[in-house]
Amino acid sequence: GRPLIVSVGRYIPKKGFCTLVEACSRLELRDFECQIVGNGPLEVSLKEQAALLGIQDRVQITGPKPEGEIKRLLERSRMFVLACARAEDGAMDNLPTVIMEAMAAGLPVVSTNVAAVSEMVVDGETGFVVPERDSAALARKMACLLDNPDLARTMGLKGRLRCRELFNVDQTSASLCKILTEYGVFSTRRTDVIHAFFRRSAA
């Protein structure tokens, strides 16, 4: 089928979905489907925006989906896009969990230089990082991955490896135990017990 672009999150300003919809309208004659999964107060306005831009047949504001269905959606997608932005009240995402989940699923991620996103998404290696609210830049990077499936696959594999390296349970639990021991939360003798607990919890 058509290459699938997927995004997941609350329909609220800081997720930048209006920028994503506008970026999709800039992809011109490219054949693709974009599904934006979630719920929230901007659902109606996002649907109206897609209709106004004449792309409602390619951009679906789907509403919520069960976790299993989202997992299957990620498995068949070309890329994951989340155009994070600072809201008018200053609210912003630190590092959305869905970005890490998309990388774990082997997808290249296109996102913005907001908060800690660029610490996870390595620009040009595991995906692309663009300025917030820049629909033209977002569209260019999305087009690059639509036009180059091999590049998308390579970036996705690198992203999966990065996710495993950064969030390996042995590494992260050992680091946490070290910090807690240094600050006297518990003794060195209890470190092995706590470490084993984290490993069992992740299994």
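**Figure 1. Asparagine 113 and its contacts across the chain.** In this predicted model, asparagine 113 touches Arg86, Val129, Val130, Pro131 and Glu132, leaving out residues up to four places away in sequence. Asparagine 113 sits in the loop that runs between strand S5 (109–112) and helix H5 (117–120). Look for valine 129 beside it: the C-alpha atoms of asparagine 113 and valine 129 are separated by 5.9 Å, with the two residues 16 apart along the chain. Is asparagine 113 buried or exposed, or somewhere in between? It counts as partly exposed, because its relative accessibility is 40%.

**Figure 2. Two loop residues with positive phi.** Alanine 115 shares a loop with the residue of the previous view, the one between S5 and H5. Although alanine 115 is not a glycine, its phi is positive, at about 50 degrees. With a relative accessible area of 33%, alanine 115 is partly exposed. The second residue to pick out is arginine 133, which is found in the loop between strand S6 (127–130) and H6. Arginine 133 also has a positive phi without being a glycine, here near 65 degrees. Its relative accessibility is 47%, so arginine 133 counts as partly exposed.

**Figure 3. Phenylalanine 80 in the largest nonpolar core.** Which residues have the most contacts inside the largest nonpolar core? They are Phe80 and Met142, in a core of 54 residues. Helix H6 (residues 135–147) gives the largest share of this core, seven residues. As a general point, nonpolar side chains in soluble globular proteins tend to be buried together. Zooming in on phenylalanine 80, and leaving aside neighbours within four places in sequence, you can trace contacts to Val6, Ser7, Val8, Leu74, Val98, Ile99, Ala102, Leu107, Pro108, Val109 and Val110. For the wider setting, 43% of the 203 residues of the protein chain count as buried.

**Figure 4. The largest pocket and its lining.** About 260 Å³ of space lies in the largest pocket. Two elements each give two or more residues to its lining, helix H3 (67–75) and helix H4 (97–104). Which of the elements supplies the largest share of the lining? That is H3, with five residues. To find your way around the pocket, follow the lining residues Val8, Glu67, Ile70, Lys71, Leu74, Glu75, Phe80, Val98, Glu101 and Ala105. Phe80 will be familiar from the view of the core, where it was named with Met142 for having the most contacts.

**Figure 5. The aromatic pair of tyrosine 11 and phenylalanine 17.** How many aromatic pairs does the structure hold? There is one, formed by tyrosine 11 and phenylalanine 17. The ring centres are 5.8 Å apart and the planes make an angle of 80 degrees, an edge-to-face arrangement. Both partners are buried: tyrosine 11 has a relative accessibility of 0%, and phenylalanine 17 has a relative accessible area of 2%.

**Figure 6. The buried residues of helix H1.** Phenylalanine 17 returns here as one of the buried residues of helix H1 (residues 17–25), together with Thr19, Leu20, Val21, Ala23 and Cys24. What do these buried residues pack against? Their partners are strand S1 (4–8), strand S2 (33–37), helix H2 (43–52), strand S3 (59–63), strand S4 (79–82) and H6. H1 and these partners belong to a protein chain with nine helices and six strands. Among contacts in the chain between residues at least 6 apart in sequence, 69% join residues at least 24 apart.

**Figure 7. Arginine 30, between H1 and S2.** Arginine 30 lies in the loop that connects H1 with S2. Not counting residues up to four places away in sequence, arginine 30 touches Arg58, Ala143, Leu146 and Asp147. The C-alpha atoms of arginine 30 and arginine 2 are separated by 9.7 Å, with their positions 28 residues apart along the chain. Arginine 30 counts as partly exposed because its relative accessibility is 29%.

**Figure 8. Cysteines without a disulfide.** The structure holds zero disulfides. For cysteine 34, the nearest cysteine sulfur is that of cysteine 24, 3.9 Å away. Why is this pair not a disulfide? The two sulfur atoms would have to be within 2.5 Å, so a separation of 3.9 Å does not qualify. Cysteine 34 is buried, with a relative accessible area of 0%, whereas cysteine 144 is partly exposed at 24%.

Definitions and conventions:
Residues are numbered from 1 along each chain as its sequence is written. This is a predicted model: local features need pLDDT of at least 70, side-chain atom pairs count only at pLDDT 80 or more; totals for chains, interfaces and linings use all residues. Side-chain values use heavy atoms; hydrogens and water are left out. Buried means under 20% relative accessible area, exposed over 50%, partly exposed in between (1.4 Å probe, protein chains only). A nonpolar core is a set of buried Ala, Val, Leu, Ile, Met, Phe, Trp, Tyr and Cys residues joined through side-chain atoms within 4.5 Å. Helices (H or I, at least four residues) and strands (E, at least two) are DSSP runs, numbered from the N terminus. Contact means heavy atoms within 4.5 Å. Rings of Phe, Tyr and Trp (its six-membered ring) pair if their centres lie within 6.5 Å; planes under 30 degrees apart count as stacked, over 60 as edge-to-face and the rest as tilted. On a 1 Å grid over the protein atoms alone, a cavity is a set of points where a 1.4 Å probe fits but cannot get out, and a pocket is an open set with protein on both sides within 12 Å along at least five of seven lines; lining residues have an atom within 4 Å of a point. Grid points are joined across faces, edges and corners, and a volume is the space filled by probe spheres set on the points.
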